[in-house]
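Here is an informal walk through one protein model, meant to be read with the viewer open. Have a look at the fold before reading on.

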Amino acid sequence: MSLFDLGSIVATMKVDTGNTTRQLEELNRKVAELEAVVKKAVPPTDQLGKSVGLWTVAFQAAAGAAQMLGGAVVRLGMESVHLASSVTELNNLLEVTFGKEGRQKVETWSKSTADAMGRSQRQLKEMAGSFQAFLNVQLGQQKAAELSMKMASRAVDMGSFFNSSDEAAQVAIQSGITGTSSEPLRRYGVILTETAVKEYALAQGITKKYEKMSEAEKVLLRYEVLMKQTLQTDGDAIKTADTYANQLKSLNGRVDNLKVALGDGLLPVALSIVPTPATRRTTTVKRASSSRAPTSAHRRVAAASSYRRPTTPTM
């Protein structure tokens with residue numbers, strides 16, 4: 001698939017109700033094929049520097065193709081570089097919150113889950129990272145990581161089952177688990193009030209009073225209530241993958257994955273073009289030094305200005 005095909009796909013991304021499920025399936029297939037091609041073209045990270053020339057040529061070709069595609073390819077290139085840069089920062093954040101080994105687990109989980117559910121891998125990592133950020137403090141890194149990935153998957157299933165955005169389901173879960181507000185979860189058939197959590201604890205044979213529980217214990221109880229009450233949604237994104245709503249989400253997710261993959265190749269090119277603060281400082285110092293360095297013309301002017309005509313002695 002060529003850059004022209006890529007531009008054509010991007011140009012058709014203004015999907016509305018006029019697109020049929022079959023058309024969405026076809027777009028999904030094309031984007032998946034292109035994503036595979038792009039990923040094969042992107043070398044390992046330690047070899048990216050060697051590929052700058054190749055990707056520069058590709059980017060120049062994209063610029064030429066853009067004249068025929070209304071700038072779609074160039075816009076895609078810029079968006080891809082931005083997304084790839086964001087993913088680099090996201091990975092750094094995940095390594096801090098999950099730990100080095102934990103981040104690798106998140107990477108593996110997000111890849112397999114994104115493929116199975118038809119979602120953006122970047123989106124899943126962001127969701128898990130958001131959950132991890134507040135669970136880490138209460139539950140510790142390892143336990144928090146386990147729950148974060150499960151809740152991110154459940155958020156996607158809840159969004160699929162109740163026909164909402166995955167992000168809305170994530171926000172509702174986060175609000176309920178932290179104890180901030182259980183109201184957003186009512187949309188998803190979840191009652192996570194303090195009374196409901198207390199009743200669940202008693203049903204599990206827990207005799208410790210809720211008021212005397214640690215925050216970690218309360219978070220775990222809320223998590224268990226949430227997962228139990230949303231059990232009917234488990235796996236819905238995969239079960240109903242062929243519906244219009246999920247085909248549309250899948251297409252957006254695949255395009256996002258494609259942009260990140262393309263950006264991985266273009267990012268070294270962008271970094272080689274855009275000056276860093278260090279290179280800007282070096283250039284400024286060089287220019288300042290060259291402007292202060294006396295030239296032969298400067299020396300002649302200085303000599304002329306310091307010359308004094310000899311005076312004639314008076315008689």
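Let's start with a pair of helices, H5 and H6, which are oblique to each other. Helix H5 covers residues 100-117 and helix H6 covers residues 121-139; their axes come within 9 Å and cross at roughly 130 degrees. That crossing is right-handed. On the H5 side, the residues that meet H6 are Val 106, Glu 107, Trp 109, Ser 110, Lys 111, Thr 113 and Ala 114, and their partners in H6 are Gln 121, Leu 124, Lys 125 and Ala 128. Sorted by class, the residues of this contact come out as 5 nonpolar, 3 polar and 3 charged.

Keep in mind that this is a predicted model. The chain has an average pLDDT of 75, and 56% of its residues score at least 70.

H5 also meets H7, and here the two helices are roughly parallel to each other, as their angle falls under 35 degrees. Their axes cross at roughly 15 degrees and come within 11 Å. The crossing of H5 and H7 is right-handed. From H5, the contact takes in Lys 105, Val 106, Trp 109, Thr 113 and Met 117; from H7, Met 149, Ala 152, Ser 153, Val 156 and Asp 157. This contact has 6 nonpolar, 2 polar and 2 charged residues.

Thr 113 turns up in the contact with H6 and in the contact with H7. So is Thr 113 buried or exposed? With a relative accessible area of 11%, Thr 113 is buried, because that value is under the 20% cut-off. Beyond its neighbours within four places in sequence, Thr 113 is in contact with Gly 118, Leu 124 and Ser 153.

Two other residues are worth a click, so here they are alongside Thr 113.

| Residue | Location | Relative accessible area | Class |
|---|---|---|---|
| Thr 113 | helix H5 | 11% | buried |
| Lys 150 | helix H7 | 40% | partly exposed |
| Asn 163 | loop between H7 and H8 | 57% | exposed |

What does Lys 150 touch, not counting residues up to four places away in sequence? Its partners are Tyr 223 and Met 227. Lys 150 and Phe 131 are 19 residues apart along the chain, and their C-alpha atoms are separated by 10.0 Å.

Asn 163 sits in the loop that runs between helix H7 (141-161) and helix H8 (166-177). Its phi is near 55 degrees, a positive value in a residue other than glycine.

Now zoom out to the whole chain. The secondary structure amounts to 14 helices and 0 strands. Of the 315 residues in the chain, 42% are buried. Taking contacts between residues at least 6 apart in sequence, 71% join residues at least 24 apart.

Finally, which stretches call for caution? Residues 10-17 have pLDDT under 50 throughout, and the model gives that stretch 13 contacts beyond four places in sequence. Residues 60-70 also stay under 50, with 14 such contacts. Where pLDDT is low, predicted coordinates should not be read in detail.

How values were computed
Residues numbered from 1 in each chain as written. Predicted model: local features only at pLDDT ≥ 70, side-chain atom pairs only at ≥ 80, totals over all residues. Heavy atoms only, no water. Axes fitted to C-alpha atoms, helices over the stretch in contact; angles between N-to-C directions. Helix = DSSP H or I, 4+ residues; strand = E, 2+ residues; numbered from the N terminus. Parallel < 35°, antiparallel > 145°, perpendicular 65-115°, else oblique. Left-handed = near helix turned anticlockwise from the far one by under 90°. Contact = heavy atoms within 4.5 Å. Nonpolar A, V, L, I, M, F, W, Y, C, P; charged D, E, K, R; others polar. pLDDT = per-residue confidence, 0-100. Buried < 20%, exposed > 50% of the residue type's maximum accessible area, 1.4 Å probe, protein only.
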